[in-house]
Structures are given as structure tokens and as C-alpha cells.
Amino acid sequence: MTISVRKVAAAAALSAALTASLAGCGGSGTQDAGREARLGTPAASAPAASAPGSAAPPPSPSAGAPGAPLAGAPGKAPTLAPGPDGLTPVFERARQHTDKTVALTFDADMTSDQGPRAAGGERFDNPQLISTLRTLKVPSTIFMTGRWAEEYPDQAKSIGTDPNFEIANHSYSHHAFTSPCYGLPALDGAAARADVDRAFAAFRQAGAVNTVPYFRFPGGCYDDPALRALSTAKVTAVQWDVVSGDAFAKDPDAVAEQVLAGVKPGSVVVMHCTRSAAPVTEEAIRKIVPELRKRGYRFVKVSELIGT
């Protein structure tokens, strides 16, 4: 069986100059191989007590995996069992579809060649968004590139030592792991694997400890060879089922409406933590969070969704 690449275009048009930095607005998924992983099949490791409301035991963390929680982290993150032929498993939304939980995820994108733009004053961070998530007490998962962590080490450490957040891997360079993918330059298998390790190293160098063994493909683009290249990293690839459309958006109400219309129990929402190219995300969050709480939803990190 093979895994085909599916792409879901974001509502907002992507600027050609910034496509490489925010291509995560697209979407992809699997059809045959890895289908069980997408449904949330837990890793078949040491037995554990059944999670509330779940017939299967909760997944167990991959011991010794790159990006596994370091000493001092608040807890070990669950992963999924490998897919067919040992392929990296892919998670899109929770298997349990009755519990009103939702995971807001934010891609902290920065490509390896955008240093000059950052030096010129362009902001790839969004500290106000992080502050708002803290104020609203919204547990969140930040999919960070290693290059972002190097550019903003103090922020990476602050996020990565705050129990409200967990940091997941979005590659080091934000280059594609398969091609074509929104015009991103592509990495071969060996380079892709090294790129993931380099990102985890950048998080450690910044002092982030709340890291989890999850990975999001740049642009959301992947295929069998990409999943095979990452198989030794012992990570779970995390996609999404709700596209926020926040990249390059100018209307926070439109972003909020798109998220609110798409969220279902167990959803994973993809948004961005990049001020210059997703400028209305923080304002949209201030509309999304109270409305979803009003509807009875509880915000969780991706690790909690995978663990149910």
C-alpha cells in the first residue's frame, strides 16, 4: 500500500514570498497505510490502566526517542504504534469523538534562510499570542522549527518551561519532506532525518524541557518515503482536521468563524505563531476560546488527545 499526499488549501491566499514560511496552512492525510494510526491506535508497549471512557489502554511513550521529555519535564508524552511496515504513525484527531476536547496547535515557522529578514526587523514570533494563551489558561501545543528556536531562544525557553505548553518538532529548516509541496525545497531521506534531530537539539540548546516526540511536516506534505525516513526517530506525525485560515488573514472574525464552524469533539486545529504573516491570530483566539468554552469544550494539548 502507498500513502498519497492530500492538500487542503487555507482560506486565505498564500503569498508567494512567504509560502515557504507558512505552508503549514495546507493539509494532508493518509488513505490506507497508517489508517489505524490516524484513528489513534496506541503504541503497543507496556500495559497500562485503561483511560477513562476508552476501551483500549492508553499509549506509552517511546523510551529514549529524540525529543522525548527531558529531566524536569512535567510528564511523558504518549505516542502511537508504528504503521504498516514500521512507517511513522500519523495522528489527525482523537479516536474518542464524544468527549468535547479540542487541541489548538500553533506553528512557529521560520525557514533556515530567513535570518536576514529577521535581522531587518521582520517578526516571526508572536509574544502577544503566547501571553493571551496564558491569560486565558489555554493548554496548547507549539510546533516549532529549530530555526525559530535559534532566533528567539528566550521565548523558546519560556514556552518550553511553561507547563501550559508543550513544544513539538516542525523540522529545523521548514523544507519539504516530499515534493511538490508549495514550492518548498525538498530534503532527501537522510537529510530529512537529520533535520528533525537538529530541531530537537535547538530546543535543548534554548533550554526548553517540555518537548514531546511529535512532528509536523512542513506544508503538511508527506508520503511513504517521508514516513519511512522518520521511522527511526520514534516520533508521531501530527496533522489536523481543522484549518484556521489565519495565514495572511486580515479579518480575525473570519478566522474565528472558520475555526468555530470546523471544530468537533477531538479536533486538532492548525494555527500560527508568526506575527508578520499571521497578524490576526491573537485577536481571533480571544473570540474562539470563550465561544468554544461556552459550547462545553475543554482545551487540551495534543498529548492528551493522543493519550485518550
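How many salt bridges does the count come to? In this predicted model, the count comes to 14 salt bridges, and several of these pairs are described below together with the elements that carry them and the accessibility of the residues involved.

The pair formed by R216 and D107 is a salt bridge in which the side chains meet at 2.8 Å, N to O. R216 is placed in the loop between β5 (211-215) and α8 (224-229), whereas D107 belongs to strand β2 (residues 101-108), so the contact ties together parts that are 109 residues apart in sequence. With regard to solvent, R216 has a relative accessible area of 0% and is buried, and D107, at 0% relative accessibility, likewise counts as buried; both values fall in the buried class because that class is defined as under 20% relative accessible area.

A further salt bridge joins the side chains of D253 and K287, with an N to O distance of 3.2 Å. Here D253 lies in helix α9 (residues 252-262) and K287 in helix α10 (residues 281-294), so that this pair ties together parts that are 34 residues apart in sequence. D253 is partly exposed, its relative accessible area being 36%, and K287 is also partly exposed, with a value of 34%.

Helix α10, which carries K287, also holds a salt bridge between two of its own residues, since E282 and R286 both lie in this helix, 4 residues apart, or about one turn of the helix. The closest N and O atoms of E282 and R286 are 2.7 Å apart. The two partners of this bridge fall into separate accessibility classes, in that E282 is buried, with a relative accessible area of 11%, while R286 is partly exposed, with a relative accessible area of 45%. The assignment of E282 follows because buried means under 20% relative accessible area, and that of R286 because partly exposed covers the range between this limit and 50%.

Salt bridges also occur in the form of a network, in which R93, D241 and K264 are linked.

Apart from the charged pairs, a contact between positions distant in sequence was examined for V235. This residue is located in the loop between α8 and β6 (236-238), and at 3% relative accessibility V235 counts as buried. V235 and P89 are 146 residues apart in sequence, yet their C-alpha atoms are 7.8 Å apart in space.

Notes: Residues numbered from 1 in each chain as written. Predicted model: local features only at pLDDT ≥ 70, side-chain atom pairs only at ≥ 80, totals over all residues. Heavy atoms only, no water. Salt bridge = Lys/Arg side-chain N within 4 Å of Asp/Glu carboxyl O. Buried < 20%, exposed > 50% of the residue type's maximum accessible area, 1.4 Å probe, protein only.
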